[in-house]
Amino acid sequence: MISEDDLRRMLAITAAGTDPPDDGVERILLAREADVPRRGWLSRGRRAGHTDRGRQRAGWRQPRWAIAGLALVAVVLGGGVGIGLLSAPEDSASTSSTAVAPPSSDSTGTAPRSTAESSVGSSVPGAPAPAPPLPGRFSDLPATDARVVQTGQITLQVDPDRVPEAVDRLGAIATGLRGYVASSSTTDSSSPSGTVMLRVPSAAYPQVLAQARGLGQVTRSSSDSEDVTSQVVDLSARIKTLQDTRTSYQALLGRAGTVDEILQVQQQISDVQSEIEQLQGRARVLADQADLATVSVTVTTPSSPRVEDEDGFAGAWDRALDGFADGLQWLIAASGPVLLVVLIGAVLFWPARRLLRLLERRII
Amino acid sequence: MADEFDEWVRASYPVAYRTAALLLPNPADAQEAVQEAFLRIWRFRDAIPSGDGRRAWLYRVVVNTCHSRGRAAAARPKVVAELDPERPLPTGADGEESIVRATDVRRALEALPEHLRAVVVLTYYVGLVDREVGVALGKRPGTIRARLLEARRRLAADPHLAGWAPTAPEASNDL
């Protein structure tokens with residue numbers, strides 16, 4: 001270890017080896033005269049009265065740091081409040097409805113629909129007995145060319161004690177529109193709810209929504225529609241082709257001679273027949289879906305019971321309590337993002353401090 | 001005010017210049033750095049205490065300007081200051097001639113990292129006390145003392161100073 005005295009000597013001799021330039025001082029003084037004094041904002045905080053010790057004891061307690069610290073806290077608080085406001089829990093119903101595909105209710109077809117067979121296209125001579133048809137009451141509805149499968153969901157909010165009533169009335173709506181209730185269920189707990197699945201004719205689909213609104217508050221509604229026309233047309237074409245094939249086989253049967261030939265042709269006929277029936281089954285399902293829209297309605301109750309029309313202090317007191325609870329909920333919810341921002345601010349504080357220190361050095 | 005400043009510049013200039021010359025390898029850079037430092041002191045003279053405190057602040061500014069210059073000059077090839085290479089350093093104990101030269105000291109200083117070089121020069125050349133060096137570098141005196149120890153350790157291990165003979169027997173004890 002080199003002693004301090006030796007170091008002093010080393011440096012003194014080494015430094016003595018460089019002579020300061022003769023004009024060094026003069027240039028400084030000249031520059032000083034030419035210089036227009038500038039007052040940077042950083043120098044305003046430090047007047048000549050400050051002592052070295054006070055400044056040195058804890059460098060970050062200078063007024064500039066107080067300003068920077070306040071700014072940081074303000075940003076953190078502002079950000080936290082902003083985030084808290086943005087993510088405030090929804091206590092009012094929000095309705096989001098997507099566009100409802102208009103059912104193609106323009107009647108262009110003239111042929112009445114009465115059987116499943118004819119609903120998929122042309123009628124075929126010599127066809128075997130068709131499968132059970134759709135409810136016959138649809139026979140007088142206009143036939144449509146485009147087949148659209150419509151499905152919808154509605155969430156309905158009613159008072160807790162009116163859930164069963166709402167379910168019943170939904171069923172009435174369905175039958176009123178010449179539909180039916182496919183399924184329904186209710187739960188009878190502290191917050192009762194119910195689910196109803198309605199099938200109504202496609203043409204009557206928008207009316208379901210309209211009438212459901214009259215039962216309570218629609219908090220959500222969405223609908224989906226799928227155009228299955230091409231599928232239906234395709235199926236019809238294939239069924240037709242198969243039916244033609246079956247016909248020609250049957251004609252062939254008349255000309256068959258030997259038992260072998262008869263058996264072979266009959267086998268072919270029955271194969272084709274089973275395929276026809278399969279396709280017809282699919283066509284029926286599609287037709288059913290397209291002819292009847294499916295709407296599933298969920299009946300709910302609001303999460304917090306609202307006291308309505310209570311006058312006087314009791315009502316005001318209840319409202320105050322509600323407001324307090326809501327405020328507390330909001331505060332707790334908002335504390336999360338605020339804490340996050342504070343945490344981030346704390347993490348950034350140290351590099352920020354260093355940055356400000358560096359800035360300090362650059363200016364001065 | 002200006003006169004007093006000028007007087008003070010005249011008085012402080014030599015040491016300040018040499019300080020910069022020790023901190024920076026290039027003497028031209030040193031001159032510009034010192035010039036800039038005094039100008040900054042003039043501009044912000046309201047913020048700087050007068051009297052004894054001014055010295056620490058002067059060197060604070062000098063260190064900063066040297067730091068900036070050093071960054072700028074890092075790309076340029078280093079020019080070791082023109083020294084009299086034959087001028088040896090004082091002899092060691094028992095009249096031995098030390099073979100450590102001024103150039104060796106410069107090289108040893110350059111080998112130090114910047115923050116250690118500054119404490120060494122300010123403490124052992126300028127003669128500032130720990131507190132003043134703390135003001136100059138913006139660090140607490142404890143940090144300054146730790147840095148001094150670290151710098152001395154490194155210098156003791158520096159091959160450029162290997163020929164240095166201790167002048168007093170006690171020197172070998174403080175390790």
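How much surface does chain A expose, and what share of that surface do carbon and sulfur atoms supply? Chain A exposes about 21900 Å², and carbon and sulfur atoms supply 59% of that area. Before going further, I should say that what you see above is a predicted model, and everything in this talk should be heard with that in mind.

Let me stay with chain A for a moment. The chain has 10 helices and 5 strands, and of its 364 residues, 31% are buried. If we take the contacts in chain A between residues at least 6 apart in sequence, we find that 81% of them join residues at least 24 apart.

Now to chain B. This chain has 7 helices and 0 strands, so that, if you read from the N terminus on, its elements run α-α-α-α-α-α-α. Buried residues make up 52% of its 175 residues, and its accessible surface comes to about 7900 Å², with 51% of that belonging to carbon and sulfur atoms. Among the contacts in chain B between residues at least 6 apart in sequence, the share that joins residues at least 24 apart is 66%.

Next, a place where the chains meet. Helix H1 of chain A, which covers residues 4-16, packs against helix H4 of chain B, residues 102-111, at an angle of about 110 degrees, and the two axes are 9 Å apart. Because angles from 65 to 115 degrees count as roughly perpendicular, H1(A) is described as roughly perpendicular to H4(B). On the side of H1(A), the residues in this contact are Met10(A), Leu11(A) and Thr14(A), and they meet Ala102(B), Val105(B), Arg106(B) and Leu109(B) in H4(B). Sorted by character, the residues of this contact divide into 5 nonpolar, 1 polar and 1 charged.

That brings me to the nonpolar cores. In soluble globular proteins, nonpolar side chains tend to be buried together. In this model, the largest nonpolar core has 58 residues, and the members that touch the most others are Phe38(B), Tyr59(B), Val120(B) and Leu122(B). Helix H1 of chain B, residues 2-23, gives the most to this core, with 10 residues. If we leave out residues up to four places away in sequence, Phe38(B) touches Ile28(A) from the other chain, together with Phe5(B), Trp8(B), Val9(B), Ser12(B), Tyr13(B), Ala16(B) and Leu58(B). Apart from this core lies another one, of 24 residues, among them Val163(A), Leu198(A), Ala204(A) and Val299(A).

Let us now look at single residues, beginning in chain B. Is Thr19(B), which is found in helix H1 of chain B, buried or exposed? Thr19(B) has a relative accessible area of 1% and is therefore buried, because buried means under 20%. Leaving aside neighbours within four places in sequence, Thr19(B) is in contact with Tyr59(B), Val121(B), Leu122(B), Tyr125(B) and Val126(B).

Glu132(B), in helix H6 of chain B, residues 130-137, is also a buried residue, with a relative accessible area of 11%. Not counting residues up to four places away in sequence, Glu132(B) touches Asp52(B), Arg55(B) and Ala56(B). From Glu132(B) to Leu122(B) there are 10 residues in sequence and 9.0 Å in space, C-alpha to C-alpha.

Back in chain A, Val196(A) is found in strand E3, residues 193-201, and counts as buried at 1% relative accessibility. Beyond the neighbours within four places in sequence, its contacts are Val167(A), Leu170(A), Val181(A), Ser183(A), Ser184(A), Val295(A), Ser296(A) and Val297(A). Val196(A) and Gly171(A) are 25 residues apart in sequence, with 8.0 Å between their C-alpha atoms.

Val81(A), by contrast, which has its place in helix H4 of chain A, residues 63-86, is partly exposed, with a relative accessible area of 43%. Val81(A) and Val338(A) are 257 residues apart in sequence, yet in space they are 7.0 Å apart, C-alpha to C-alpha.

I will end with a residue whose backbone deserves a look, and ask what the phi of Arg178(A) is. Arg178(A) has a positive phi of about 70 degrees, although it is not a glycine. Arg178(A) is found in the loop between helix H6 (163-176) and strand E2 (180-187) of chain A, and at 34% relative accessibility it counts as partly exposed.

Terms used:
Residues numbered from 1 in each chain as written. Chains lettered and ligands numbered in written order. Predicted model: local features only at pLDDT ≥ 70, side-chain atom pairs only at ≥ 80, totals over all residues. Heavy atoms only, no water. Axes fitted to C-alpha atoms, helices over the stretch in contact; angles between N-to-C directions. Helix = DSSP H or I, 4+ residues; strand = E, 2+ residues; numbered from the N terminus. Parallel < 35°, antiparallel > 145°, perpendicular 65-115°, else oblique. Contact = heavy atoms within 4.5 Å. Nonpolar A, V, L, I, M, F, W, Y, C, P; charged D, E, K, R; others polar. Buried < 20%, exposed > 50% of the residue type's maximum accessible area, 1.4 Å probe, protein only. Areas by Shrake-Rupley, 256 points an atom, 1.4 Å probe, with all protein chains shown as cover. Core = buried A, V, L, I, M, F, W, Y, C linked by side-chain atoms within 4.5 Å.
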